[in-house]
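I sat down with this one to see what holds it together and what shows on the outside. Here are my notes, in the order I looked things up.

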Amino acid sequence: MRLCLPLTLAIIDGFHVEVENCSLVLPLGMMSECMDMPTDNVSTETRQVNLRGEWIPYINLRELFGFAPSSKPEYVILIQFGQATAGIIVARLVGDIQAVIKPLGNLFRSLRGISGSTIMGNGRLALILDVPQLIQLALKRETRLVNQRGQKLTRISPAQQGIHPSRPE
């Protein structure tokens, strides 16, 4: 009997989420927080969500992967890469997972936002999300949508937040 092992094996700490019946894994080190998707303070025209006074672009994975809209509550996961931050909208938060990364075949290399795959403990396949590519996509979409509407990027000033700088006496 001969056993062949790969020379390199990549294991990541990830966070398991779902959209429809599709299992997805986000690299845990690129996530900053998860929360309920706010029902207000959302600009669907420019794909931005206002979180604690800051407008952040988002990608809805349901839209990205071509699933029908849902009336059920969704969640926003803040992801970061370098100085860039974006939100990812998902249907279900499952939890932490350690994932062995399996590269995608040549046929699937052109998929947007996917960097690899893994096999879950229950035997199901999960796709590993490419966070830098998703952030880049969110920022490009935000800029394009804002420019199409002739609007400036929505930002809240400190005065609008109720913060007033101290004035010298």
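Entry 1, asparagine 60. I began with one residue and listed its contacts, skipping neighbours within four places in sequence: asparagine 60 touches Glu74 and Ile89. I should jot down that I am working on a predicted model. Asparagine 60 sits in strand β6, which covers residues 54-60. Is asparagine 60 buried or exposed? Its relative accessibility is 11%, and the cut-off for buried is under 20%, so asparagine 60 counts as buried. I also checked what its side chain does: it reaches the backbone nitrogen of arginine 62 at 2.9 Å.

Entry 2, the overall layout. I stepped back to the whole protein chain and found two helices and 11 strands. Reading from the N terminus, I get the order β-β-β-β-β-β-α-β-β-β-β-β-α. Of the 169 residues in the chain, 37% are buried. I then looked at contacts with a separation of 6 or more, and 58% of them join residues 24 or more positions apart.

Entry 3, the largest nonpolar core. This core has 23 residues, and Leu26, Leu61 and Ile79 touch the most other members. Which elements supply at least two residues each? I noted β1 (11-19), β2 (22-27), α1 (61-64), β7 (75-81), β8 (84-90) and α2 (131-149). Helix α2 gives the largest share, five residues.

I picked leucine 26 for a closer look, again leaving out neighbours within four places in sequence. Leucine 26 is in contact with Asp13, Gly14, Phe15, Val17, Met31, Ile77, Ile79, Ile88, Leu129 and Val131. Apart from the largest core there is another one, of nine residues, and Val49, Leu51, Val76 and Ile89 are among them. I was pleased to meet Ile89 again, since I had it down as a contact of asparagine 60.

Entry 4, the outside. The accessible surface of the protein chain comes to about 10900 Å², and carbon and sulfur atoms hold 53% of it. Which residues form a nonpolar patch on the surface? I found Leu107, Phe108 and Leu111, with about 320 Å² of accessible area together.

I followed up on leucine 111, which lies in the loop between β9 (92-100) and β10 (114-119). Leucine 111 has 36% relative accessibility. Buried would need under 20% and exposed over 50%, so leucine 111 goes into my notes as partly exposed.

Technical notes:
Residues are numbered from 1 along each chain as its sequence is written. This is a predicted model: local features need pLDDT of at least 70, side-chain atom pairs count only at pLDDT 80 or more; totals for chains, interfaces and linings use all residues. Side-chain values use heavy atoms; hydrogens and water are left out. A nonpolar core is a set of buried Ala, Val, Leu, Ile, Met, Phe, Trp, Tyr and Cys residues joined through side-chain atoms within 4.5 Å. Buried means under 20% relative accessible area, exposed over 50%, partly exposed in between (1.4 Å probe, protein chains only). Helices (H or I, at least four residues) and strands (E, at least two) are DSSP runs, numbered from the N terminus. Contact means heavy atoms within 4.5 Å. Accessible areas come from the Shrake-Rupley method with a 1.4 Å probe; for residues, only the protein chains shown count as cover. Patches are made of residues with over 30% relative accessible area and no salt bridge: like charges are joined within 9 Å, nonpolar side chains (Val, Leu, Ile, Met, Phe, Trp, Tyr) within 5 Å. A salt bridge is a side-chain nitrogen of Lys or Arg within 4 Å of a carboxyl oxygen of Asp or Glu. A polar contact is a pair of N or O atoms within 3.5 Å; within protein, one must be able to donate a hydrogen and the other to accept it, and residues adjacent in sequence count only if both atoms are side-chain atoms.
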